[in-house]
Amino acid sequence: MPGILDGRVALVTGSGRGIGRAVAEALAAAGARVAVNYSRDREGAVETAERVGGRAYHADVSKREDVHRMAEEIHRDLGKVSILVNNAGVLYPMDLEHYDDKLMWRMVGVNMMGPVYTVLEFLDDLRSSEGCVVNIASNAGIGTAAPGTTFYAMTKAAVIAFTKRLAFDLSGTGVRVNCIAPGWVETDMTVGGRSQEEVEATREHFRSRTTLRRTGRPEDIASVVLFLASGASSYMNGQVIVVDGGRVDNLSHSV
Ligand code: NAD
């Protein structure tokens, strides 16, 4: 769909790899000028930026001062952001017996506070451009169970609540706020650092629980972000779209 986002500026947080990179590519292919954000993975971000003809901007989204500085740089280079994709996230699996406060606060900082800080920083841009926010939550946030993800799920449930309430708070401004709850997508987050056997066993686990009998690809999420950022979804606000290949254990859930 080349051209449908012509003239728009998009920020995709955590877009040096994985879902974020696929989102940056999809938005750029549709005509948006894309600001690529990274915290540690500069190399990955520079590669994404090269692919999309944009620039990489450093900010740890869990730090308000970083997000503020990044916003100043983006305003200077590209102008107002009218598409904000809160994609950056971290998953530290832990069960009750191995609870780790430091890792918990890191998940809270990145997954929950990241979207808060970017929204606060780009609120004027979004309002004056009748822009949109797309938050990447997780099906964990609507209750899909996977071992060790209880605390991660809490942070993603917060993203869903933030999506709905922000849509409400911005009533009448023309800003749309929606959210995607992906199922299991093969990225560094889910397969990084694991042995081939572990990866294959995990794939099979999720395949067998998915009506489409395959695991997710970053592009499966990116195409839905593109939909939510485009006029094709112009009458959707405050919604959560589950993109999980039809998980059998979710088919009776409502969100
Ligand atoms: P990933 O680990 O490949 O990518 C996450 C990106 O976020 C990385 O580029 C990382 O460097 C960046 N990031 C981490 N902390 C950051 C910070 N403080 N500031 C800026 N950037 C930061 O994982 P992914 O699978 O591509 O995940 C993307 C999003 O999708 C995350 O929010 C994740 O929780 C969510 N998600 C993923 C899956 C999945 O199965 N892969 C499922 C549901 C939801």
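These questions and replies cover the ligand site and the pockets of a predicted model.

The model is predicted, so local features need pLDDT of at least 70 and side-chain atom pairs 80 or more, while totals for chains, interfaces and linings use all residues. Residues are numbered from 1 along each chain as its sequence is written, and side-chain values use heavy atoms, without hydrogens and water.

Me: What makes the pair between Lys156 and the ligand a polar contact?
Reply: A polar contact here is a pair of N or O atoms within 3.5 Å. A polar side-chain atom of Lys156 lies 2.9 Å from an oxygen atom of the ligand. That pair therefore qualifies.

Me: Why does the backbone of Gly183 count too?
Reply: A backbone N or O atom of Gly183 lies 3.4 Å from an oxygen atom of the ligand. The cut-off is 3.5 Å, so this pair counts as well.

Me: How do you know how much of the ligand is covered?
Reply: Accessible areas come from the Shrake-Rupley method with a 1.4 Å probe. On its own the ligand has 820 Å², and the protein covers 95% of that.

Me: What makes a residue part of the 28 around the ligand?
Reply: One of its heavy atoms must lie within 4 Å of the ligand. Among those that come nearest are Arg17, Asn87 and Tyr152.

Me: Why are 13 residues of the shell called nonpolar?
Reply: Ala, Val, Leu, Ile, Met, Phe, Trp, Tyr, Cys and Pro count as nonpolar, Asp, Glu, Lys and Arg as charged, and the others, Gly among them, as polar. By that rule, the shell around the ligand divides into 13 nonpolar, ten polar and five charged residues.

Key: A polar contact is a pair of N or O atoms within 3.5 Å; within protein, one must be able to donate a hydrogen and the other to accept it, and residues adjacent in sequence count only if both atoms are side-chain atoms.
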